[in-house]
Amino acid sequence: MKSFLKLFILLVIILLGVIIFVNAKTKDEEYMEIVCIGDSLTEGYPTNYPYTYYLNELLNDNKQINIINKGKVAVTTDDLVENYKSFVSKTTDKVVLLIGINDIIYNDENSLNYEKNIEDMVKVLVGLKLEVILCTYPKFELEDYYYWTQEEFDYFKNESSNLNSVIKDISEKYNTKLVDLEKEFDDYYKTGQYTYSELSIDGVHFNKNGYNLMAKFIYKEL
């Protein structure tokens, strides 16, 4: 009788352990943390509705989603490479990275380090077993907003095109997901629903409709 009682108690303890383990695992699987790192296009400047705001709406399902916006106006890869590690933690699952254009805008013509910096960041993030989603930049139409020389416009367009190529190459090299915002927006404009000027505020930054579209394009890769 005592042996039976001991066996019964042991089985109850095992059963309770299994239930606690399953519940903890289920709870953990329902939680997702996404850290979005970048410049003003991530911060959502100059609106109060960054793409992360709309991304949170799109991900509003049974999971507990925590989206952390780490975008900052005017930040460059040189700035970011110094502190990006502090943006992720043990609870982070995915990182969305859109960075590099300010390196071109604020370049002093001595050096452009965005290729090395982006690759260094991606290499570390992938090494941390995080799912990395790289984004290219949409094309910018600056002529109506900036008083640059034609030479400066040509330089910006050529270098921003090279930046997108670098981002694609790094994504392929490290087998990350890629959101090709350049192609996504170009294809969208062809539908005739919105023109670039109807989505952009100043030739670089978007209005609420533009950031909403960004969220939809990024959501497809999450």
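**View 1. Strands β1 and β2 run side by side in this predicted model.**
Here's β1, covering residues 31-38, paired with β2. The two strands run parallel, and eight bridges hold the pairing together on paper. For a landmark, look for Glu33: across from it, in β2, you'll find Asn66.

**View 2. Zooming out, β1 and β2 belong to an open sheet of five strands.**
Read across the sheet and the order goes β2-β1-β3-β4-β5, with parallel pairing. The edges are taken by β2 (64-71) and β5 (177-179); each has a single partner strand, so one side of each is left without a neighbour in the sheet. On average, neighbouring strands here are turned by 20° against each other, if you ignore direction.

**View 3. Now for β4, with β3 on one side and β5 on the other.**
Strand β4 spans residues 131-135 and is mostly covered, with four of its five residues buried. Four bridges link it to β3 (residues 94-98), and this pair runs parallel. Lys94 is a handy marker for that pairing, since it stands opposite Glu131 in β4. Turn to β5 and you'll count three bridges with β4, again in a parallel arrangement. Here the residue to spot is Ile133, whose bridge partner in β5 is Lys177.

**View 4. Helices α8 and α10 pack against each other.**
Two packed helices are described by the angle between their axes and the distance between the axes. For α8 (residues 181-190) and α10 (residues 208-219), the angle is about 120° and the axes sit 11 Å apart. That angle makes α8 oblique to α10. The crossing of α8 and α10 is right-handed. On the α8 side, the contact is made by Leu181, Glu184, Phe185 and Tyr188, while α10 brings in Gly210, Leu213, Met214 and Phe217. Sorted by class, that gives six nonpolar residues, one polar and one charged.

**View 5. Finally, the whole protein chain, to put the close-ups in context.**
Altogether the chain has 10 helices and five strands. It's 222 residues in length, and 42% of them count as buried. Take the contacts between residues at least 6 apart in sequence: 79% of these join residues at least 24 apart.

Definitions and conventions. Residues are numbered from 1 along each chain as its sequence is written. This is a predicted model: local features need pLDDT of at least 70, side-chain atom pairs count only at pLDDT 80 or more; totals for chains, interfaces and linings use all residues. Side-chain values use heavy atoms; hydrogens and water are left out. Two strands pair if DSSP finds at least two bridges between them. Axes are lines fitted to C-alpha atoms, for helices over the stretch in contact, and angles run from 0 to 180 degrees between N-to-C directions. Angles under 35 degrees count as roughly parallel, over 145 as roughly antiparallel, 65 to 115 as roughly perpendicular and the rest as oblique. A crossing is left-handed if the near helix is turned anticlockwise from the far one by less than a right angle, and right-handed if clockwise. Contact means heavy atoms within 4.5 Å. Ala, Val, Leu, Ile, Met, Phe, Trp, Tyr, Cys and Pro count as nonpolar, Asp, Glu, Lys and Arg as charged, and the others, Gly among them, as polar. Buried means under 20% relative accessible area, exposed over 50%, partly exposed in between (1.4 Å probe, protein chains only).
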